[in-house]
Amino acid sequence: MKLVLPAVAATTTLLSPVLAEARQVTFETTLKNYGGNGAYVVLYVTDASGAYKGTLWMAGGKAKYYRHLSDWQRASGGRATEIDGITGASVGSGKTLKITLDLADAMIDAGYKVHVDTAVEDGMDNPSEVVAPLAASASGKPVAGKGYVKSFTVTF
Amino acid sequence: MLRRLHGLPGIVLALALTVTALTGAVLSVQPALDRLVAPAISAEVSVADLAALVAARHPGVSAIRLRADGSLTAAFDDGDTRGVERIDPATGAGLGPYAVSETTRFLTNLHRSFLAGDAGRVAAAIGALAMLGLSVSGLALLARRLGGAGALLRPIRGTPAQRWHGELGRLAAVGLLLSSLTGLWMSAGTFGLIPEAQGTSPAVIASGGAPAPVGTLAGLKAVTLQDLRALSFPDPADPTDVFTLVTADGERVIDAATGATLALTPATALERVNDLISMLHTGRGAWVLGLLLGLASAAVPVLGVTGLILWLRRRTARPRITPNVPARMADTVILVGSEGNSSWGFAGTLHAALTAAGHKVHTAAMNDVTATHLAAPRLLILAATYGEGAAPQSAKHFLPRLARLQGRPAVAVLGFGDRSFPHFCRFAREVADALDARGCPQLLPMKRVDRRSAQEFAQWGHDLGDVLGHDLVLTHVAEPPKTAPLVLAGRELYGEAVGAPVAILRFQAPSDPRTGAPGRLPAFEAGDLVGIVPPGQEKPGDGMPRFYSLASSTHDGVLEICVRLREGGLCSTFLHALAPGATIHAFIRENPTFRPAKGRAPLILIGAGAGIGPLAGFVRANAAGRPVHLYWGGRSAASDFLYEHELAQHLAERRLTTLRTAFSRDPNGSAYVQDRIAADAPRLRELMKQGAQILVCGGRDMAEAVTRALEPVVRPLGLDLPTLKSSGRYVEDVY
């Protein structure tokens, strides 16, 4: 999956659409074997002050369930325009969601953080179960989530 | 057209619909089970009370929910432990982790998506749409068959498959309509076709003060636990965060420090509709309805199988007509108006016989009538009647079309119908009148065939042959019957002395030649018919089977018939000459309309001569001691009193309540069965008041005399025989 970042690009001047100043970043989210229906997983970015900057990816297509991703919902306002064109299928138990994006160099090591909210039908809602810095030093180091995320790795 | 819309799509979709319906039926039991195990929630407890109890055990509680299945759950993250737990609503104690069972999850996914994601959800939605269409078209077909929407609850007659399909279908239709409509609505919601109520949370400003104990918050105290849907707790790290409390009537935002209700967003009408529809579909919160819907769904596989049987039968019943001469070259055109395909079978026989006699014959459906058909010298019309005298499927457009066309061929109209319906062959009559009115010369007066009688059809063929100046033998066998061998086990002969020999013949299934084990009789009941093809005519299409009413049921272990010897009668001569141990080949034809109605209402059995057979069978089967009154007429008590000893036994055992006999050659005064009826009028009237059913079996002359004698009996009650016939309280088996 190779994408520019339309939502982020639309909301911040820190991102350059010129790919020469961008870097390819891979986000790999592996879920635990929680044994339920597919999980809704959303990846989004906040800045150093905690303010929402944009959504990277929404896994799960039915808007009526988005309110269970409560931190994302609150931060982004849950608007359809936030995830226009960056929506995919929900992620099954034990499966891995891998997305690769071109992120502007200026976003790295600048205090930005990636949040992961997850939710499963008849299960838990896990707002911000992972909060990982967009830092070169954290590249390739898996972190565990509090809820359904077994490991989350950002690789530059 | 309606039938085509109902039949083939039903067959094609039956398997998928069965999966959806059966999983739905299994899931429908869940709300009732949940209700049994879910602890009762007291009206005294407020949301604040319970939240305080839960928060005391789980400092990291993030949400409390009262789920649709009735269980109260709390989601928590206490640092070391986290999860979703079931909560006792009275004490707030944990009842173990909340998890939907793997089986339920599997069944739910199979039910809503065939385990195939969004594509499966689309398929399930199409299935729901199909179920809706099948329910509506099925009800419309049934209403048409029974004679209008007001007649939808009348008894359904016909073969077992027809009765099961109709009875179950009309019972299940209401549930299936509800399930499919609500299912479609939910599918539409899933795919975003129904606008989501946009939860535009009002901008509120929390006091930001130190959080008060949750049990003291006024906004939470004001709502009882019974009304709770969900309560989400504020993020402890964010002092400006608030409680969100969802109930059926809306969403409240509650300040964590002051307990004040900062905002109330009432539930929109759409949200309420969604809630209602979800309850109607799943039965959660309406467990009785859920079970009823489950029962309706469980009928779907049965409807599928019986529907397939009916469809196959209809398909195979329509014969290939060859050679079908082009209409413009034909000297004889046969037009067929048929609802099922049975009239086509008769048309095929007629077509073949006329072709064999050297005619150039063209056969077509009545709906397809053209000027070319009317230009032929001869037009033969075979028309069934449907429901309350309506035109059958393949003849609906005939009369309007006929009015626009030219041509006056010589015509003969043959109507097919059921004498027990009030409008026997009415459509055929209309067609005959219309042809008469346009000045078509009549080859033969219109004739009516009762219940596909091959004999009456053959008689009409004979008359037609006379008009055409050659022999015309119409031997119609509706379906080449599969015969089973039967061995004559015993015979009793009556009436020889009075010139009316009647034999009671008892047959058994042949025993296994190797093991000697007794054979098994086919399934039949007293009043059904056994078809016997006289020997030397067994080849298909060669001989016409003779039908005899059965005096016994499979249960009795013998197949018993009464056969009157007829002069020159091939079959009766053959049967009378049979020696014990001899084998015949026979098949059963069901006669479901000629049966005692269920219940304990009295039965009035009327017969003469060999017609006593099935009546004696009904008496024999009356182990329950229901009131049964038998009227029977013979010639001489000394010679042809059939079943004399057995009936005396039945009287003693109360299987038979009263017996009235009449003998036409009694030296002490000749009498007929209708005389006994006339003399017993007050008693019979009393029985009819009690809801009695009349069953008549015997020759046509006797049946007509009985009808004349019964009319004055029932008239003072405000009843008449046509009404009794159409409601099944007067049934006859007449030959």
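Reader: What makes S10-S9-S11-S12-S13 of chain B an open sheet with edges?
Author: In this predicted model, the five strands follow that order with parallel pairing. Strands are DSSP runs of E with at least two residues, helices runs of H or I with at least four, both numbered from the N terminus. Two strands pair if DSSP finds at least two bridges between them. S10 (361-365) and S13 (447-450) each have a single partner strand, so one side of each lacks a neighbour in the sheet.

Reader: How do you know that S12(B) and S13(B) pair?
Author: S12 (residues 410-417) and S13 of chain B share four parallel bridges, against the required at least two. In S13(B), Arg448(B) is the bridge partner of Gly415(B).

Reader: What makes helix H13 of chain B count as touching the sheet?
Author: Contact requires C-beta atoms, placed from the backbone, within 7 Å. H13 (residues 454-468) touches S12 and S13 of chain B, and its direction makes about 155 degrees with that of S13(B). Such angles run from 0 to 180 degrees between N-to-C directions of lines fitted to C-alpha atoms, for helices over the stretch in contact.

Reader: Why is Tyr643(B) called buried?
Author: Buried means 20 or more other C-beta atoms within 10 Å, exposed 12 or fewer, partly exposed in between, with C-beta atoms placed from the backbone. Tyr643(B) has 24, so it is buried.

Reader: Why is Asp122(A) called partly exposed?
Author: Asp122(A) has 16 such neighbours and therefore falls in between.

Residues are numbered from 1 along each chain as written, and chains are lettered from A and ligands numbered from 1 in written order. Local features need pLDDT of at least 70, side-chain atom pairs count only at pLDDT 80 or more, and totals for chains, interfaces and linings use all residues.

How values were computed
Contact = placed C-beta atoms within 7 Å.
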